[in-house]
Amino acid sequence: MAGNRKRRKPLLLSHTRPPSTPKTLSLSSQATRSSIRRHHILQKQLQAAILNGNSVLTERLRAQLGASGGLQRYQEASIQGQSSERGGDSSKVLMEWITEHESQYRRHHTAKPEKLRMLEVGALKVDNACSRSGIFNVTRIDLHSQHPDIQTQDFMEMPVPSPGTSAEDGFDVVSLSLVVNYLGDPSSRGEMLKRVSSFLRSSRETSKDEAGSAFPALFLVLPASCVTNSRYLDEERLEGIMITLGYVQARRKLSKKLVYYLWRYQGSGAGQAQTVSYKKQEVRAGGSRNNFSIVLQS
Ligand SMILES: C[S@@+](CC[C@H](N)C(=O)[O-])C[C@H]1O[C@@H](n2cnc3c(N)ncnc32)[C@H](O)[C@@H]1O
């Protein structure tokens, strides 16, 4: 009977990964989740303290982050979140989408399509589905590399590809999987999204019938609750932000825990990034919402 049905609790940001089979894992899924949650909270408080110029609190929070294992421990917890027992390599979804393009290409061409260039920001492993596929040449970066094939590099400080430099060609795809929500400050999230297009190959260079016709694009993965249960962000608003930045939504998938998007970049003239800004503004009321937001400054 409808009256006896239990009400589902809205998703919280901390519950970002699919269910686990914890027997074979060193950290239980609950320990993994609380470790990730604690890191996110401290990180958010730290960014606020830095922005407010509170040096005493900044130092205290840095010490707390260090004592709880810092980025290293957080990454270990995230890798466990990615393990197949936990249902997780998000790049599998991108592979499903690309495979459809590949098979379309093969129907019309005998030659093998050229490899696509991917920039994976926030790379924890070198053997995810995209890396194993052979379709991509992957450049992997992270704030803290755990592997020789991952460069220690802050994306916000990475040199932008430009004509006449060794990194002349942009990338066909930039992957930001669970990276934007890692940032504690809404404006930094907007800045990160804004920066992506500078790394994308110009769409003029990719002809329509190539396997890469969905590109250049941003593969964006967020915890689902960032758009389904946030007080300040829903999918309509996110789409508005992305259109402003010059993208159109090419693919989307919503799972219980994550939301995946492929945003095709149409060029800087397509949006109105120079004129439109998105402030922190309530889009849903209610006590059980989270406060995730993305702020875009013009
Ligand atoms: C939750 S992990 C995500 C890992 C993986 N991409 C996934 O989908 O599971 C977030 C990672 O993003 C990295 N990260 C955050 N900001 C970054 C930046 N500005 N440049 C490079 N890496 C960054 C962090 O160091 C962290 O390892």
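**Notebook: a predicted model, from Glu 239 outward**

I began with Glu 239 and counted 17 C-beta neighbours inside 10 Å, so I entered this residue as partly exposed; a buried residue would need 20 or more, and an exposed one 12 or fewer. I note at the outset that the model is a predicted one, and that every value below is computed from it.

I then looked up where Glu 239 sits, and found it in helix α8, which covers residues 235–244. From there I took the distance to Leu 258: the two residues are 19 apart in sequence, and their C-alpha atoms are 16 Å apart in space.

**The sheet**

Next I traced the strands, and I wrote down an open sheet of seven with mixed pairing, in the order β3-β2-β1-β4-β5-β7-β6. The edges are β3 (151–152) and β6 (247–254), each of which pairs on one side only.

I stayed with β7, residues 258–265, and asked myself which strands it is joined to by bridges. On one hand, seven bridges join β7 to β6, and these two strands run antiparallel; on the other, strand β5 (residues 217–223) is also joined to β7 by seven bridges, again in an antiparallel arrangement. I also noted that β6 and β7 make a hairpin, with three residues lying between them.

For single pairs across these strands, I recorded that Tyr 247 has Tyr 265 of β7 as its bridge partner, that Lys 253 stands opposite Tyr 260 in β7, and that Leu 220 stands opposite Tyr 261, also in β7.

Is β7 largely enclosed or largely open? I found that seven of its eight residues are buried, and therefore I describe β7 as largely enclosed by the rest of the structure.

**The two domains**

I then turned to the division of the protein chain, which is given as domain 1 (22–86) and domain 2 (91–265). Where the two touch, I listed twelve residues from domain 1 and seven residues from domain 2. On the domain 1 side of this contact, α1 (29–51) and α3 (70–82) each supply at least two residues, and by class that side has five nonpolar, six polar and one charged residues.

**Around the ligand**

For the ligand, I found 19 residues surrounding it, and the closest are Gly 122, Leu 143, Phe 155, Ser 177 and Leu 178. The elements that give two or more residues to this shell are α3 and β2 (136–142), and α3 gives the most, with four residues. Helix α3 thus appears twice in my notes, since I had already listed it on the side of domain 1 that touches domain 2.

I checked which domains the shell draws on, and it takes at least three residues from each of domain 1 and domain 2. Sorted by class, the shell has ten nonpolar, seven polar and two charged residues.

**How far to trust it**

Last, I looked up the confidence values, and I found a mean pLDDT of 82 for the protein chain, with 77% of its residues reaching 70 or more. Over residues 16–25 the pLDDT is below 50, although the model gives this stretch 22 contacts beyond near neighbours in sequence. Residues 204–212 also stay under 50, and for them the model has 15 contacts beyond four places in sequence. I leave the details of such stretches aside, because predicted coordinates should not be read in detail where pLDDT is low. For the model as a whole, I copied down an ipTM of 0.99 and a pTM of 0.81.

Methods: Residues are numbered from 1 along each chain as its sequence is written. This is a predicted model: local features need pLDDT of at least 70, side-chain atom pairs count only at pLDDT 80 or more; totals for chains, interfaces and linings use all residues. Two strands pair if DSSP finds at least two bridges between them. Domain bounds come from an automatic or database domain assignment. Ala, Val, Leu, Ile, Met, Phe, Trp, Tyr, Cys and Pro count as nonpolar, Asp, Glu, Lys and Arg as charged, and the others, Gly among them, as polar. A residue is near a molecule or strand if its C-beta atom, placed from the backbone, lies within 6 Å of it. pLDDT is the predictor's confidence in each residue, from 0 to 100.
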